[in-house]
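Please open the model in your viewer and keep a selection tool at hand. The stops below are given in the order in which they may be selected.

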Amino acid sequence: MAASVRELRAKIRSTQATKKITRAMELIAASRIIKAQQKAAAAAPYARELTRAVSAVATFSNVDHPLTTEKENPTKAAILVIASDRGLAGAYSSSVLKEAERLVEKLRGEGKDVDLYLSGRKAEAYYNFRSRPFVESWTGFSDKPEYSHARTIGNTLVRTFNLDETDEEAIDPERAVDELHVVFTRFKSMLVQEPDVIRLLPLEVVEGTEAPTEHEVLPLYEFEPSAHEVLDALLPKYIHSRIYYCLLQASASELASRQKAMKSATDNAEDLIQKYTRTANQARQAGITQEISEIVGGANALADANAGSE
């Protein structure tokens, strides 16, 4: 019985240590979520105005630009999968990877080959473990993405898009693709984060498309030096801002998922401590009761023996 009580007390100490760790991780994730939301809010005005500029060029010009023109028979697509670098975030990474698998199956069902580009060690480990090939991966910034990371990823993805066969910086023709997709987790609230898919290229402008009122005068645009050159300058920046937006959304979602997972782990540790404490108290009380019974029994036996000898 004494050994059982010692084991339970050791489990209580171990669980208390685990609880301190999970509680600290929960608080760290909660503090970083606020910073991630602030960064997303700070980046929104630039992304919004850049989107309006790209929308204006794409809408009010008759230029057939490779980044805005969809091919008649696309045969190859690239997918950027944004996951996390670390675990302990619940089903965050597994959810986005499942969404990526569904997209791969859908594209292959349409007769398209798929190249994978990964962001996050969890995505890298997932495909390495299954011996699934991917073209390139980026790691080390899933919870604190910077614009430089988005620019690096964006430059690589834009080069994979089949822009100009005479471009000296173009990648191997075997890597050229007709579509670019991004799979990431959209942050909706502290309690809701959902995997999402957007098509990055050919360009789909989805923001800032509210219908004008009947008294609103639509602006007239003139493009200098030309609409094609304006698109050449704006669209890479637009791609970078969209990827940065996805990275920020994924970062906030990862931190929110980690906070929820660590809160659940802390609550479970507290329940386990209470269970172990109750069991240990019961075992200790049972031991005390048994010892008292043995003492009383021994005293009665000794009294009976003394009475018999007299």
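A residue is called buried under 20% relative accessible area, exposed over 50%, and partly exposed in between, with a 1.4 Å probe and protein chains only. The model is predicted, so local features need pLDDT of at least 70 and side-chain atom pairs count only at pLDDT 80 or more, whereas totals for chains, interfaces and linings use all residues. Residues are numbered from 1 along each chain as its sequence is written, and side-chain values use heavy atoms, with hydrogens and water left out.

Select D113 to begin. D113 is placed in strand β2, residues 113-119; helices (H or I, at least four residues) and strands (E, at least two) are DSSP runs, numbered from the N terminus. Its relative accessible area is 52%, so D113 is exposed. Apart from residues up to four places away in sequence, D113 touches T75, K76 and A77, where contact means heavy atoms within 4.5 Å. The C-alpha atoms of D113 and A77 are separated by 6.2 Å, although the two residues are 36 residues apart along the chain.

Move next to D64, which lies in the loop between α1 (2-60) and β1 (76-82). D64 counts as exposed because its relative accessibility is 65%. Add A227 to the selection: its C-alpha atom is separated from that of D64 by 9.9 Å, with their positions 163 residues apart along the chain.

Now select α2. This helix has 18 residues and reaches 26 Å from its first C-alpha to its last, close to the 26 Å expected at 1.5 Å a residue; the expected span is 1.5 Å times one less than the number of residues. Among the buried residues of α2 are Y92, V96, L103, V104 and L107. Just after α2, G111 takes a positive phi of about 85°.

Keep α2 (residues 92-109) and add α3 (residues 121-129): their axes come within 10 Å and cross at roughly 55°. Axes here are lines fitted to C-alpha atoms, for helices over the stretch in contact, and angles run from 0 to 180 degrees between N-to-C directions. Which residues of α2 and α3 meet? S93, L97, A100 and E101 in α2 meet K122, A123, Y126 and Y127 in α3.

Finish at helix α4, residues 147-160. Its 14 residues reach 20 Å from the first C-alpha to the last, close to the 20 Å expected. The buried residues of α4 include A150, I153, L157 and V158.
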